[in-house]
Each structure stands twice: as C-alpha cells, then as structure tokens.
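Trainee: I'm new to this one and don't know where to look. Could you pick the part where side chains pack together and take me through it closely, with whatever surrounds it?

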Amino acid sequence: PRGKQLRHDVFMRLHWNPTVLKLGYRGLTPHALRHTFASEALSRGISLPAVANQLGHANPAVTARVYAHLLEDDLTVVGRAMDDAIFDAHSESRRNDGPDLQVV
C-alpha cells in the first residue's frame, strides 16, 4: 500500500501461507514451485538455456549444477537415440547392398 517492496516474511504470513492452506497444499513453498517448474521443463525436453533464462540464472551452468540429477536421464535418452540412428543407418545400408557401417 505504501509503494515499498513487500518483505518476504510478511508476504508468506499474510498471503502465501493462508492461500496454500486454503488450497490444501500445506508446506508448499515458492521455492518448491520453482524447483517443480525447472524439473518438469527439463524432463519434457525444454533446453537447458531456456530453463536457465526462465529461472533468471545468468548462466546455464548454474542451472546444470542445481538440476544435474535430472539431466542424467537425458544421457540414457541420447544413448538410445544414437543406437537407433546407427541401427537405422546399418539397416538402410543393407537394403541398398551398400558397405557395412563401421563404427570407429
């Protein structure tokens, strides 16, 4: 009302906590929502730089450090995609009586 920044403790006590309780989400914090956003975005394939930008991180490396545990699953997806690409290339080569694909 006086045009000043709302203090965190006042915001939590007067606005956040009553709203969260009213909705039935006891213990939910703004930080938990932030973490949920980042986790969901990364797990759905949103790029690391885009998520970093939305979180206000100056550098995607910050986001990568915080959410590295989520990015480990990406390595499995990448590995499977590369296996599929190699298999597809090998199958195409066989259909065309071309030379065998050699991986070096």
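Mentor: Let's settle one word before we start: a residue is buried when its relative accessible area is under 20%, exposed when that area is over 50%, and partly exposed in between. W16 is a handy test case, because its relative accessible area of 15% makes it buried. Keep in mind too that what you're looking at is a predicted model.

A quick look at the whole chain will help you find your way. The protein chain has 5 helices and 0 strands, so from the N terminus on the elements simply read α-α-α-α-α. Buried residues make up 15% of its 104 residues. Its accessible surface comes to about 8,600 Å², and 57% of that belongs to carbon and sulfur atoms.

Now for the part you asked about. The largest nonpolar core has 6 residues: A38, A41, L42, V51, L55 and Y67. Two elements give two or more residues to this core, namely α2 (30–43) and α3 (48–55). The largest share, 3 residues, comes from α2.

Start with Y67, since you can follow its contacts through a good part of this region. Leaving out neighbours within four places in sequence, Y67 is in contact with R34, H35, A38, S39, L42 and L55. Three of those partners, A38, L42 and L55, are listed in the core as well.

Next, turn to α3. Its buried residues are V51, A52 and L55. Looking down the axis of α3, you'd see them fall within an arc of 100°, so they line one face of the helix. The general idea behind this is that an α-helix has 3.6 residues a turn, so residues three or four places apart point the same way. The face of α3 turned away from the buried side carries N53 and Q54, which are exposed. As for what covers the buried residues of α3, the list includes α2 and α4. Once α3 ends, G56 follows, with a positive phi near 80°.

Right there you meet H57, in the loop between α3 and α4 (60–66). Its side chain makes a polar contact of 3.3 Å with the side chain of R34, and another of 2.5 Å with the side chain of T63. Not counting residues up to four places away in sequence, H57 touches R34, A52, V62 and T63. R34 is worth a second glance, as it also turns up among the contacts of Y67.

Let's go back to α2 and look at two serines. S39 sits in this helix, and it counts as buried because its relative accessibility is 16%. The side chain of S39 reaches the backbone oxygen of H35 at 2.8 Å. Beyond residues up to four places away in sequence, S39 touches Y67 and L70. S43 is in α2 as well, but with a relative accessible area of 55% it is exposed. A polar atom of the S43 side chain lies 3.0 Å from the backbone oxygen of E40. Although S43 and L71 are 28 residues apart along the chain, their C-alpha atoms are separated by 8.0 Å. For the chain as a whole, among contacts with a separation of 6 or more, residues 24 or more positions apart account for 18%.

One last stop brings us back to W16. The chain has 1 aromatic pair. It joins F11 and W16, with ring centres 6.2 Å apart and planes at 45°, so the pair is tilted. W16 is buried at 15%, whereas F11, at 30% relative accessibility, is partly exposed.

Notes
Residues numbered from 1 in each chain as written. Predicted model: local features only at pLDDT ≥ 70, side-chain atom pairs only at ≥ 80, totals over all residues. Heavy atoms only, no water. Core = buried A, V, L, I, M, F, W, Y, C linked by side-chain atoms within 4.5 Å. Buried < 20%, exposed > 50% of the residue type's maximum accessible area, 1.4 Å probe, protein only. Helix = DSSP H or I, 4+ residues; strand = E, 2+ residues; numbered from the N terminus. Contact = heavy atoms within 4.5 Å. Areas by Shrake-Rupley, 256 points an atom, 1.4 Å probe, with all protein chains shown as cover. Phe/Tyr/Trp six-rings, centres within 6.5 Å; stacked < 30°, edge-to-face > 60°. Polar contact = N/O pair within 3.5 Å; in protein donor to acceptor, adjacent residues only side chain to side chain. Arc of directions from axis to C-beta.
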